[in-house]
Each structure stands twice: as structure tokens, then as C-alpha cells.
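Dear colleague,

Please find below the sequence and the structure I promised to pass on to you. After them I have written out what was found, grouped by topic, so that you can follow each point on the structure itself.

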Amino acid sequence: MTTVTEDVSLEGLRDALGLLKDREQVAARLLESSAKHSFDPDKELDWDAPVEEGKWFWPPELVSLYDTPMWKRMSEEQRLDLARHEAASLASLGIWFEIILMQLLVRHIYDKSVTSAHVRYALTEIADECRHSMMFARMIQKGGAPTYPVTRLNHNLARVLKTVSTTPGSFACTLLGEEILDWMQRLTFPDERVQTLVRGVTRIHVVEEARHVRYAREELRRQMVTAPRWERELTRLSCGEAARVFSIAFVNPEVYTNVGLDRREAVAQVKASGHRREVMQAGAKRLTDFLDDIGVMRGVGRRLWRSSGLLA
């Protein structure tokens with residue numbers, strides 16, 4: 001991951017959103033928030049409580065097949081089961097993504113001052129992500145569904161990304177993985193139809209992820225102003241390709257097979273679903289507006305975002 005030297009002056013430096021904030025001041029505020037609002041999921045959540053009969057593992061409106069012809073033919077029991085498997089699929093995707101993010105953060109701070117607040121916060125975020133990954137894994141086990149790894153192709157594409165990603169590209173992809181899931185989880189944790197444990201997991205993730213999003217947004221803004229032109233262009237392209245891959249990997253099609261549905265028909269109905277398209281675009285809108293404002297959504301990259309279905 002390329003870096004910007006620490007002595008770059010930010011005085012008067014701005015983008016379309018205004019003046020850039022001092023990196024150390026941003027990190028200091030995030031460290032203060034982390035000290036006040038961090039959680040230990042092992043102690044915070046009641047992992048011994050039984051699974052609640054008749055409650056969802058994911059809000060029905062966020063289940064991929066919701067409001068499709070196939071959904072309307074499914075029994076309530078089958079709908080609940082699909083939600084349980086999709087929650088496990090999303091948690092599996094989240095773990096995969098957070099492992100990638102931790103490695104990108106380590107690369108980002110490798111050449112930076114170890115005593116800076118910026119590096120201290122990155123290490124704090126890595127600790128958060130470790131707890132999140134363990135929390136998601138435990139939630140999958142509690143729900144009784146299998147894990148749903150991404151395809152071997154996407155697994156190995158991510159291996160390449162971790163090796164060659166530039167700093168702005170890394171933070172753009174970080175936001176892609178964080179903000180759409182965050183939007184869904186903000187709808188999940190207050191929803192009393194959802195399992196109490198799942199609501200607790202999503203509440204912890206939302207609170208702590210808000211800091212991660214702030215850190216990534218501020219750094220991406222800085223990088224899009226200070227990085228060389230070739231790096232900005234590569235970021236636009238890699239971010240668009242990541243959006244395309246992310247949209248495909250969002251729900252593992254194996255979930256349909258595991259609840260007794262015709263996999264091919266289910267995938268086709270999800271692709272044709274106007275409701276699903278609206279959900280995914282609504283989840284991505286805050287991010288796509290931000291990326292548009294700071295100059296990421298241009299050229300081929302923008303076309304890739306459109307092909308992903310995440311951009312209207």
C-alpha cells in the first residue's frame with residue numbers, strides 16, 4: 001500500500017466537501033470515542049440464551065427473495081429458515097472482509113510513526129475487527145447454519161488485492177464493505193421481530209463501525225487530494241470492480257439449496273426483483289453520494305458501479 005509522507009501540509013487543503021481535517025485530531029477523537037464506547041461481545045451478549053421460536057435472524061424485508069413470486073409461495077417456516085441461512089452468509093462475508101481489512105490497515109501503518117494517534121487508532125480498529133470476526137463466527141454457530149465462504153475465485157482475487165492495493169483503493173474498498181452492511185444493521189438492531197442475540201450483535205457492530213467509517217472516509221478524502229493521478233485513476237477502477245464483485249458475493253446462492261429451493265430459479269428471481277434492487281441501492285446511496293462528491297465515481301469505475309446494481 002503506498003503512503004503519503006507525514007510532512008504533507010494540510011493547511012488550506014480542501015476537496016468538494018470542504019477543508020480536510022487534521023489527521024491526528026481525527027484519530028484523537030476516535031480514540032476517545034473508542035475508550036467510551038467499545039464492547040466485549042463475550043461478556044456483553046447472552047450466548048447461552050435459547051434461540052427464540054418464530055423470530056427472524058434477519059429482517060424479512062432484507063432477505064434476498066422478499067416479495068418475489070418464489071417468496072410468496074414459501075411457507076413462513078421456510079422464509080424464517082432462509083433468513084437464518086442468509087444471516088450466516090452475511091456473517092461469513094463479513095468475517096472474510098474484516099480479515100482483508102485488518103491486513104490492509106497493517107500495511108497502511110507500516111511506514112508511519114508508531115507513536116502517532118493515527119497509528120494508535122488503526123491498531124484500535126484492528127482489535128475491534130478481531131472481536132467482530134469472532135462475534136460473527138459465534139453467531140453463525142449459535143444459529144445452526146453452516147458457514148458460507150466466498151468462491152475460490154473471489155478468495156484469490158482478494159489475495160491479489162491485499163498485495164497490490166494502493167492506499168486510496170484500500171480505503172475505498174473498506175467503505176464498500178462497511179457502509180452497506182451498516183445500513184442494513186441499523187434497520188436490524190431495533191427490530192423486535194429479530195432474534196435478541198442478532199439484535200445485540202448488530203448493535204455492537206453499528207456502534208463500533210461508525211468510528212471505522214469515519215476513519216476511512218477522512219483518510220480517503222486526504223488520499224484523493226494528495227495521491228498522484230495514476231493512483232486516483234486506479235482507485236476509481238478498483239473500487240468499481242470491487243463493487244461488482246461485492247454485489248455478486250453478497251448472498252451465497254448455496255443458501256437457496258440448503259432451504260430446499262431451486263437455486264437457479266431463486267438466483268434469477270433475485271436478479272429480477274425490483275424490491276431487492278431498491279434495497280441494495282438504498283444501502284449503498286450514502287456511500288455512492290460520498291464517493292461521487294470526492295471524485296471516485298468517474299469513467300469506467302462508474303460504469304462498473306452501475307453494472308453492480310448498487311448505483312441507480
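**Salt bridges**

Arg302 forms a salt bridge with Asp292, and the closest N and O atoms of this pair are 3.2 Å apart. Because Arg302 belongs to helix 13 (residues 299-308) and Asp292 to helix 12 (residues 274-293), the pair ties together parts that are 10 residues apart in sequence. Salt bridges that share partners also join Asp15, Lys21, Arg214, Glu218 and Arg221 into one network. Returning to the pair above, Arg302 is partly exposed, with a relative accessible area of 24%, and Asp292 is partly exposed as well, with a value of 38%.

Before going further, please keep in mind that this is a predicted model, and that the distances and areas in this message are computed from that model.

In total, the structure holds 27 salt bridges, and two others are worth finding on your screen. One of them links Arg222 with Glu219, where the closest N and O atoms are 2.8 Å apart. These two residues are three residues apart in helix 8 (residues 196-226), which means that about one helical turn separates them. Arg222 is buried, with a relative accessible area of 5%, and Glu219 is likewise buried, with a relative accessible area of 1%.

The other joins Arg193 to Asp191, with 2.7 Å between the closest N and O atoms. Here the two partners fall into separate classes, since Arg193 is partly exposed at a relative accessible area of 35%, whereas Asp191 is buried at 13%.

**The nonpolar core**

Which residues have the most contacts inside the largest nonpolar core? They are Leu65, Phe250 and Trp305, and the core to which they belong has 89 residues. Helix 4 (residues 76-109) gives the largest share of this core, namely 17 residues. As a general background, nonpolar side chains in soluble globular proteins tend to be buried together.

If you select Leu65 and set aside residues up to four places away in sequence, you will find that Leu65 touches a list of residues that includes Met70, Trp71, Met74, Leu82, Tyr256, Leu261 and Val270. The list is not purely nonpolar, however, for Glu86 and Gln269 are also among the residues that Leu65 touches.

A second residue to look at is Leu93, which lies in helix 4 and is buried, with a relative accessible area of 3%. Leaving aside neighbours within four places in sequence, Leu93 is in contact with Val150, Phe246, Ala249 and Phe250. For one of these partners the separation along the chain is also known: Leu93 and Ala249 are 156 residues apart in sequence, while in space they are 7.7 Å apart, taken from C-alpha to C-alpha.

**A nonpolar patch on the surface**

Not every nonpolar side chain is hidden, and you can see this at Trp230, Leu234, Leu237 and Val300, which form a nonpolar patch on the surface. Together these residues have about 370 Å² of accessible area. The largest share of the patch, three residues, comes from helix 9 (residues 229-249). Leu237 is found in that helix, and with a relative accessibility of 39% Leu237 counts as partly exposed.

With kind regards

Note on methods. Residues are numbered from 1 along each chain as its sequence is written. This is a predicted model: local features need pLDDT of at least 70, side-chain atom pairs count only at pLDDT 80 or more; totals for chains, interfaces and linings use all residues. Side-chain values use heavy atoms; hydrogens and water are left out. A salt bridge is a side-chain nitrogen of Lys or Arg within 4 Å of a carboxyl oxygen of Asp or Glu. Buried means under 20% relative accessible area, exposed over 50%, partly exposed in between (1.4 Å probe, protein chains only). Helices (H or I, at least four residues) and strands (E, at least two) are DSSP runs, numbered from the N terminus. A nonpolar core is a set of buried Ala, Val, Leu, Ile, Met, Phe, Trp, Tyr and Cys residues joined through side-chain atoms within 4.5 Å. Contact means heavy atoms within 4.5 Å. Patches are made of residues with over 30% relative accessible area and no salt bridge: like charges are joined within 9 Å, nonpolar side chains (Val, Leu, Ile, Met, Phe, Trp, Tyr) within 5 Å. Accessible areas come from the Shrake-Rupley method with a 1.4 Å probe; for residues, only the protein chains shown count as cover.
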